[in-house]
Amino acid sequence: MNGNGQGRGNRAGGQGRGMGTGQGLGGTCVCPKCGYSEQHQRGVPCFEVRCPKCNMQLIRGK
Ligand SMILES: [Zn+2]
């Protein structure tokens, strides 16, 4: 038997991609703690933005 059913674990979990075009513009960055959200700025990853209320790193919203 060839265990050929689980060979798809190829998730590229890097953060070095996406500085080019093709990423969705107009997203939001959300504070996971208090729910504060602001518009995602181009070229500035959400995790580099901090919540003005609780100083948490923001995460990418939907
Ligand atoms: Zn916050």
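**Zinc site and disulfide in a predicted model**

Reader: What geometry does the site of the zinc ion have, given its four donor atoms?
Author: Bear in mind that this is a predicted model. The angles among the four donor atoms run from 103 to 122°. Four donors count as tetrahedral if all angles lie between 85 and 135 degrees. That range makes the zinc site tetrahedral.

Reader: Which atoms coordinate the zinc ion?
Author: The distances to the zinc ion are 2.2 to 2.4 Å. Along the chain, the donors are spaced as C-x2-C-x16-C-x2-C. The coordinating atoms are the SG atoms of C31, C34, C51 and C54.

Reader: Is C51 buried or exposed?
Author: C51 is one of the zinc ligands, and it also belongs to the largest nonpolar core. The cut-off for buried is under 20% relative accessible area. C51 has 2% relative accessibility, so it counts as buried.

Reader: And what about C34, what is its relative accessible area?
Author: C34 sits in the loop between β1 and β2. Residues between 20% and 50% count as partly exposed, and that is the class of C34. Its relative accessible area is 41%.

Reader: How do the other two zinc ligands fall, C31 and C54, buried or partly exposed?
Author: C31 has 2% relative accessibility and so counts as buried. C54 has 25% relative accessibility, so the label for C54 is partly exposed.

Reader: How far apart in space are C34 and C51, C-alpha to C-alpha?
Author: Both cysteines give an SG atom to the zinc ion, and C34 is in contact with C51, as well as with K53 and C54, once neighbours within four places in sequence are left aside. In sequence C34 and C51 are 17 residues apart. Their C-alpha atoms are separated by 8.7 Å.

Reader: Which residues does C51 contact, leaving aside neighbours within four places in sequence?
Author: Contact here means heavy atoms within 4.5 Å. With that cut-off, the partners of C51 are C31, C34, Y36, M56 and L58.

Reader: On to the disulfide: which cysteines does it join?
Author: The structure holds one disulfide. Its S to S distance is 1.9 Å, and the cut-off is 2.5 Å. The cysteines it joins are C29 and C46.

Reader: What handedness does the disulfide of C29 and C46 have?
Author: The quantity to look at is the torsion about the S-S bond, about -70° for C29 and C46. That value is why the disulfide is left-handed.

Reader: How many residues apart are C29 and C46?
Author: Both C29 and C46 are buried. C29 is in strand β1 (residues 28-30), while C46 is in the loop between β2 (37-39) and β3 (59-60). The pair links distant parts of the chain, 17 residues apart.

Reader: Which residues make up the largest nonpolar core?
Author: This core has six residues in all. Among them are the disulfide partners C29 and C46. The full set is C29, C31, C46, V49, C51 and L58.

Reader: What separates the C-alpha atoms of T28 and Q39?
Author: T28 lies in strand β1, and its contacts include Q39, E38 and C46. T28 and Q39 are eleven residues apart along the chain. Their C-alpha atoms are separated by 4.4 Å.

Reader: Stepping back, what pattern does the protein chain follow along the sequence?
Author: The protein chain has zero helices and three strands. Read along the sequence, the pattern is β-β-β.

Definitions and conventions. Residues are numbered from 1 along each chain as its sequence is written. This is a predicted model: local features need pLDDT of at least 70, side-chain atom pairs count only at pLDDT 80 or more; totals for chains, interfaces and linings use all residues. Side-chain values use heavy atoms; hydrogens and water are left out. Helices (H or I, at least four residues) and strands (E, at least two) are DSSP runs, numbered from the N terminus. Buried means under 20% relative accessible area, exposed over 50%, partly exposed in between (1.4 Å probe, protein chains only). A nonpolar core is a set of buried Ala, Val, Leu, Ile, Met, Phe, Trp, Tyr and Cys residues joined through side-chain atoms within 4.5 Å. Donors are N, O and S atoms within 2.8 Å of the metal (3.2 Å for Na, K and Ca); water is not among the atoms, so sites may look incomplete. Four donors count as tetrahedral if all angles lie between 85 and 135 degrees; four count as square planar and six as octahedral if opposite donors are over 155 degrees apart and all others between 65 and 115; anything else is irregular.
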